[in-house]
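Here is a short tour to read beside the model on your screen. Have the viewer ready, and we will begin at the surface.

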Amino acid sequence: MMKVFIENPNLLIAEFNEIAGIVQKKAFITVGTEIQKEEVETLKKYREDLKNLKKDFVSRKLENEANLVYCLDNSLLALQCELEMLICLKEDKMDEAWAKLVKAQVVYGTVIRNCPADFQTPNGYIERLNQYEKLLFPNLFFHSTGGIIKKSHCSICGQSLSKCHHIKGKLYMGEMCTRVITEMELEEISLVEDPANKLCRVLTIETDGRMIDILTLREIKVEPISKDLADSI
């Protein structure tokens, strides 16, 4: 079936819309966990087909089509992460739930910035993800690192970003251009409310001598350092 899409990418968009509609009907916390897990596996298999299709487009040097598949794949990845977040919440895996939400926000952000004109992203989806953050999780504090980047290169061509023509955050033949940092001198770590990376968060707080998990408010038992370990530090 994927071969048909090489001749007519509009059919691929139509199939994506159908799949996305099915997934969104199951993206509610009341839906059975086993049903959501089954849908996650279905998405994973379909996304593997998309990756193979993108390889075919790349081999034919069809950049617009390869970029379209990137956007479709990452839109479905965001939906997959949304389902996985809901599953984690119901299974009392709060750290994993937060990580899945952040991943959904990040990957869908790349879609919004790069989607072609003939592919309309689902209306209000990024706002839906942001509402999860506000309604399902407490206010969090985050870390932000600052430092001097000494060595880095373009993920597309391997050259310095100052020397190549690629633009960070843009798609090239179905691949996102990123800055790959290989050496950095750390200068400081700050507490911020609006970080570049929401996974860099404060995990615990200390209250009355007890270590408390910020997401669950459960006490975390901290094992005392043994004398032998203390002496070796």
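Ile-149, Ile-181, Met-184, Leu-186 and Ile-189 make up a nonpolar patch on the surface, and their accessible area together is about 440 Å². A patch here joins nonpolar side chains (Val, Leu, Ile, Met, Phe, Trp, Tyr) within 5 Å, taking residues with over 30% relative accessible area and no salt bridge. A salt bridge would be a side-chain nitrogen of Lys or Arg within 4 Å of a carboxyl oxygen of Asp or Glu. Areas come from the Shrake-Rupley method with a 1.4 Å probe, and for residues only the protein chains shown count as cover.

Which element gives the largest share of the nonpolar patch? Strand β4 (residues 179–192) does, with four residues. Met-184 is found in β4, and this residue counts as partly exposed because its relative accessibility is 40%. The classes are buried (under 20% relative accessible area), exposed (over 50%) and partly exposed (in between).

This is a predicted model, in which local features need pLDDT of at least 70 and side-chain atom pairs count only at pLDDT 80 or more, while totals for chains, interfaces and linings use all residues. Residues are numbered from 1 along each chain as its sequence is written, and side-chain values use heavy atoms, with hydrogens and water left out.

Stepping back, the protein has seven helices and seven strands. Both are DSSP runs numbered from the N terminus: helices are H or I with at least four residues, strands E with at least two. From the N terminus on, the order is α-α-α-α-α-α-β-β-β-β-β-β-β-α. Of the 233 residues, 36% are buried. The accessible surface comes to about 14300 Å², with 53% of it belonging to carbon and sulfur atoms.

Now to helix α3 (residues 33–59), whose 27 residues reach 39 Å from first C-alpha to last, close to the 39 Å expected at 1.5 Å a residue. That expected span is 1.5 Å times one less than the number of residues. Buried residues in α3 include Val-40, Leu-43, Tyr-46, Arg-47, Leu-50 and Phe-57. An α-helix has 3.6 residues a turn, so residues three or four places apart point the same way.

Two loop residues other than glycine have a positive phi:

| Residue | Phi | Loop | Relative accessibility |
|---|---|---|---|
| Lys-61 | near 60 degrees | between α3 and α4 (63–90) | 69%, exposed |
| Met-173 | about 50 degrees | between β2 (171–172) and β3 (175–176) | 24%, partly exposed |

Lys-61 comes just after α3.

Key:
Patches are made of residues with over 30% relative accessible area and no salt bridge: like charges are joined within 9 Å, nonpolar side chains (Val, Leu, Ile, Met, Phe, Trp, Tyr) within 5 Å. Buried means under 20% relative accessible area, exposed over 50%, partly exposed in between (1.4 Å probe, protein chains only).
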